[in-house]
Amino acid sequence: MRSQLAAVVAVLGLALVGCDDDSDAPRPPPPPPPPSETVHKVGDLPRGWKVHTNSAGGFGFGVPPGWKAKDHAISTSVRSFDRLVAVSITPDRTAEAFEIPLANFARRALAALPGFDPALDPGPTRRFRHRYQGAEARASGRAESGVKEQVRLIVLRRDSLVTFTVVLAANAKPSARPSERLAERMVRTLRSRPIGAPSPGGDR
């Protein structure tokens, strides 16, 4: 999706080159610089939770006891203690990401999510309650492994600084519901920070 958007932007840019031949025409003022990103601390967490920080991706969040978080460059994956729920978090600070309305972003990203046969068919989007602007789309499907899953794609946007894509996949078994609720609570703790910012011991 990002490559398609980049191609469209490039074509539009080429089409506009040389269209303004009137050198005396007033030029619009340059756009204001983007706001500087500050550390949003994760805040108070339930007893036993720990803060996980991905410095390369510029974010942090709380992790429940027994859950495992692992960084993959700028992204982070998390798996529940019972292995019935998996969460992936990916930040995007490109201008293209901010041009897409959150609801459209959530539906399109969920429909394009690989690893399901047939492809996921998102239902209506809904607001996701968070400190940042949030929207989510949901779908059920069967993974290529044969496991039936309930999938939620959550998009969070902090002003014009960063857009997070969060995939929350839970086993369709009723026994996975408690871990799915914990995963949702974990996503609500997600906060952004400047890329490379250290994680102080008091970031809680």
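**Group meeting: aromatic rings and cores**

Okay, let's start with the rings: this structure holds 2 aromatic pairs. Before I go on, keep in mind that we're looking at a predicted model.

So how do we talk about a ring pair? You give the distance between the centres and the angle between the planes. Take Phe-59 and Phe-61: their ring centres are 6.3 Å apart and the planes sit at 20°, so we call that pair stacked. The cut-off there is under 30 degrees for stacked.

Now, are these two buried or exposed? Phe-59 is buried, with a relative accessible area of 0%, and Phe-61 is buried too, also at 0%.

Next pair, Phe-59 again, this time with Phe-164. Here the centres are 5.6 Å apart and the planes are at 80°, so this one is edge-to-face. What I like is that the pair links distant parts of the chain: Phe-59 is in strand 2, residues 59–63, while Phe-164 is in strand 9, residues 162–171, and they're 105 residues apart. Both Phe-59 and Phe-164 are buried. Put the three together, and Phe-59, Phe-61 and Phe-164 form one aromatic cluster.

Okay, zooming out to the cores. Which residues touch the most other members of the largest nonpolar core? That core has 25 residues, and the answer is Phe-61, Val-87, Ile-89, Phe-164, Val-166 and Leu-190. You'll recognise two names from the cluster there, Phe-61 and Phe-164. As for who contributes, strand 2, strand 5, strand 8, strand 9 and helix 4 each supply at least two residues. Strand 9 gives the most, with 5 residues.

Let me pick out Ile-89. Leaving aside neighbours within four places in sequence, Ile-89 is in contact with Phe-59, Phe-61, Ile-74, Ser-75, Thr-76, Phe-164, Thr-165, Val-166 and Leu-190. So that list takes in Phe-59, Phe-61 and Phe-164, our aromatic cluster. There's also a second, separate core of 19 residues, including Ala-97, Ala-135, Val-155 and Ala-169.

Thr-76 on that Ile-89 list brings me to the hairpin. Strand 3, residues 68–72, and strand 4, residues 75–79, run antiparallel and are joined by 5 bridges. Across the pairing, Asp-71 stands opposite Thr-76. The hairpin has 2 residues between its strands, and Ala-73 in the turn has a positive phi of about 60°.

One last thing, back to rings, but with a charge this time. The charged end of Arg-188 sits over the ring of Phe-128, 4.3 Å from the ring centre. That's it from me!

Technical notes: Residues are numbered from 1 along each chain as its sequence is written. This is a predicted model: local features need pLDDT of at least 70, side-chain atom pairs count only at pLDDT 80 or more; totals for chains, interfaces and linings use all residues. Side-chain values use heavy atoms; hydrogens and water are left out. Two strands pair if DSSP finds at least two bridges between them. Helices (H or I, at least four residues) and strands (E, at least two) are DSSP runs, numbered from the N terminus. Rings of Phe, Tyr and Trp (its six-membered ring) pair if their centres lie within 6.5 Å; planes under 30 degrees apart count as stacked, over 60 as edge-to-face and the rest as tilted. Buried means under 20% relative accessible area, exposed over 50%, partly exposed in between (1.4 Å probe, protein chains only). A charge sits over a ring if NZ of Lys or CZ of Arg is within 6 Å of the ring centre and within 35 degrees of the ring normal. A nonpolar core is a set of buried Ala, Val, Leu, Ile, Met, Phe, Trp, Tyr and Cys residues joined through side-chain atoms within 4.5 Å. Contact means heavy atoms within 4.5 Å.
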